[in-house]
Amino acid sequence: MTDEERALGAERYAYSPKALARLVLSYEMRELADRAAVGVPTGDDHLARPGEEVRAALDLVDQSQEVLTRAVLFERAKGTSWETIGERLGIRHQSAQARYRESEQAWEAALHDPYDREGPGGRYRSLRLHEAAYAPIGAGQNLDEWAQQRGQGTHAVTGGLPTLPLLEEIGQVLDGLSYLDRDRDKPPDPAVRLQLTERKAVLLDRIAHEEDRPEAAVQAEEARALAAQIRSEIEGTS
């Protein structure tokens, strides 16, 4: 993992799970809108094969189901109960929970561990966290541009996202570090540990400066020393 990839992978810790879930919902709504817009013109209708419009409409239905799932995940991130979600869906809350609980669990796990490991020793990795949540800065900029082009104003997406206080941000980083050690039989990915440790140092520096807490500066130096050690170990095995 390069330094650029580490920085990219740490972006999400500056956003609350609620903000990330909302970004993903916006992303999927944009995808649905763009796909639906393709079918509006009629100029190529004479070239379409029999049943092609039905197939295209069915694809939109599938995409809308993804939007619905992401809406449920956002509501859950906001703290909405299964009772309320079930009521809006017109089903019992037990049925709503059964339908979407697996998606919620996969989302929460991916926030902590965004990659699937593949190949010998888990060397090859594929992203299982939605790309808008993994790289929220770029996703937010793209969505803002999309909305602005349609006359919805500047920062129409990112302007309404909930902010994350500094202490809550470092709390997420510390939770991420703790999550790495959850399984004693499975050593944590050193690149991810380096990513989080470096971000921890940056945030501790901010706490020392913004909160006037000199002990945080000492902790930041300790985190940087640990990060240097982890980096050296990674480079020694590469």
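## Salt bridges in the predicted model

Glu-31 has a relative accessibility of 27% and therefore counts as partly exposed. In this predicted model, Glu-31 forms a salt bridge with Arg-30, and the closest N and O atoms of the pair are 3.6 Å apart. Arg-30, for its part, has a relative accessibility of 13%, so that this residue counts as buried.

A salt bridge also joins the side chains of Glu-169 and Arg-199, with 2.9 Å from N to O. This pair links distant parts of the chain, since Glu-169 lies in helix α8 (residues 166-180) and Arg-199 in helix α9 (residues 190-210), 30 residues apart. Glu-169 counts as buried because its relative accessibility is 5%, where the limit for that class is under 20%. The two residues belong to a network of salt bridges in which Glu-169, Arg-199, Arg-206 and Glu-210 are linked.

Glu-215 and Arg-213 likewise meet through their side chains in a salt bridge, at 3.0 Å from N to O. Glu-215, with a relative accessibility of 38%, counts as partly exposed, and Arg-213, with a relative accessible area of 36%, is partly exposed too.

The pairs described above are set out here with their N to O distances.

| Acidic residue | Basic residue | N to O distance |
|---|---|---|
| Glu-31 | Arg-30 | 3.6 Å |
| Glu-169 | Arg-199 | 2.9 Å |
| Glu-215 | Arg-213 | 3.0 Å |

With a cut-off of within 4 Å between a side-chain nitrogen of Lys or Arg and a carboxyl oxygen of Asp or Glu, the count for the model comes to 18 salt bridges.

Definitions and conventions:
Residues numbered from 1 in each chain as written. Predicted model: local features only at pLDDT ≥ 70, side-chain atom pairs only at ≥ 80, totals over all residues. Heavy atoms only, no water. Buried < 20%, exposed > 50% of the residue type's maximum accessible area, 1.4 Å probe, protein only. Helix = DSSP H or I, 4+ residues; strand = E, 2+ residues; numbered from the N terminus.
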